Amino acid sequence: MSKKSLLIAAVAILVIAIIGITYLLFTEKQANRELVQEFQLDKEDLENEYTRFVQQYDELKMTISNDSLSQLLEQEQLKTQRLLEELRTVKSTNATEIRRLKNELATLRKVMVGYINQIDSLNKLTAQQKQVIAEVTQKYNQASQQISNLSEEKKNLDKKVTLAAQLDATNIRIEPRNKRGKAAKKVKDVVKLAISFTVVKNITAENGERTIYIRITKPDNDVLTKSASNTFPYENRTLVYSIKKYIEYNGEEQNINVFWDVEEFLYAGNYRVDIFEGGNLIGSQTFMLD
């Protein structure tokens, strides 16, 4: 073979080698480019996961009212944010750091799952406590209502007992009399008013001494009295009486007679007699003087 042929063969081999090397370099560069893109995508996915974790901690904190647990969640959230900032400064080609931050994320995930379970248990417990409180409150309200009803029933019963024990005056008669003790025909002849009435039988009334007050009211509503100091209490006020009578009550029917000596001027018109005992009005009657 001539030198020229050898030279041509050598050049051909060299060209083929150059082409092969160029192809290998191009292929490796393409592979490196794809690998860099893959690393970059992995890093972006990791950043997104860290960001979601930070947001999830915000959501978890809104679902609890426990201060201690809220503080722990705050600490974990700050730790997650710190790792996220580290990740953002790490190059996507730094496989060692990326691997470490992935492992950190796996640990954070386990911690978060533990907190989620704890919060779920607390929420269930809180719901049960609220249910218990609602049931206790309902029972308390029912008991209060029953007590209120019993109190009202007792009040009504006490009122009925009081009314039942109250004395009652019936058959009230007023007879104007002249100076001879006879029935007076004219008002100018009246010197005495004879008042009689019956205290009815009442076995529920308390026995013992009773004070009866009698008011004689003139047509102008002025009350006949011997002294302005002759008063007795009635319904949170003080009334003037005309006659006061003590009786010994034993639960049986009792006839009462009292008298009013006329020492003042009387004129024709409608008069009224009201009888009181124990702070109660127990009888009333009107009469006419001509």
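A polar contact is a pair of N or O atoms within 3.5 Å; within protein, one of the two must be able to donate a hydrogen and the other to accept it. In this predicted model, one such pair involves R210: a polar atom of its side chain lies 2.5 Å from the backbone oxygen of E206.

R210 is placed in strand β3. The cut-off for buried is under 20% relative accessible area, and R210 counts as buried because its relative accessibility is 12%. Leaving aside neighbours within four places in sequence, R210 is in contact with L167, A205, K245, Y246, I247, Y249 and E277.

From this residue we turn to the strands. Strands β1, β2 and β7 form an open sheet in the order β1-β2-β7, with antiparallel pairing. β1 and β7 stand at the edges with a single partner strand each, so one side of each has no neighbour in the sheet. From one strand to the next, the twist averages 15°.

The pairings can be followed residue by residue. Strand β1, residues 169-177, pairs with β2 in the antiparallel sense over seven bridges; here E175 stands opposite A194 in β2. On its pairing with strand β7, residues 254-261, β2 is again antiparallel, over eight bridges. T198 stands opposite N255 in β7, and I195 stands opposite V258 in β7.

Strand β2 itself, residues 192-199, is mostly covered, with six of its eight residues buried.

The next topic is the nonpolar interior. The largest nonpolar core has 30 residues, and those with the most contacts inside it are I195, F197, I214, I216 and I275. Two or more residues each are given to this core by β1, β2, β3 (208-217), β6 (243-249), β7, β8 (269-277) and β9 (280-289). β2 supplies the largest share, four residues.

The surroundings of I195 show how these elements meet. Beyond its neighbours within four places in sequence, I195 is in contact with R173, I174, I214, I216, I243, I256, N257, V258 and V273. A second core, separate from this one, has 14 residues, including L46, Y57, L83 and I119.

Taken together, β2 can be read in two ways. In the sheet, β2 stands between β1 and β7 in the strand order; in the largest nonpolar core, β2 gives four residues.

Note on methods: Residues are numbered from 1 along each chain as its sequence is written. This is a predicted model: local features need pLDDT of at least 70, side-chain atom pairs count only at pLDDT 80 or more; totals for chains, interfaces and linings use all residues. Side-chain values use heavy atoms; hydrogens and water are left out. Buried means under 20% relative accessible area, exposed over 50%, partly exposed in between (1.4 Å probe, protein chains only). Two strands pair if DSSP finds at least two bridges between them. A nonpolar core is a set of buried Ala, Val, Leu, Ile, Met, Phe, Trp, Tyr and Cys residues joined through side-chain atoms within 4.5 Å. Contact means heavy atoms within 4.5 Å. Axes are lines fitted to C-alpha atoms, for helices over the stretch in contact, and angles run from 0 to 180 degrees between N-to-C directions.
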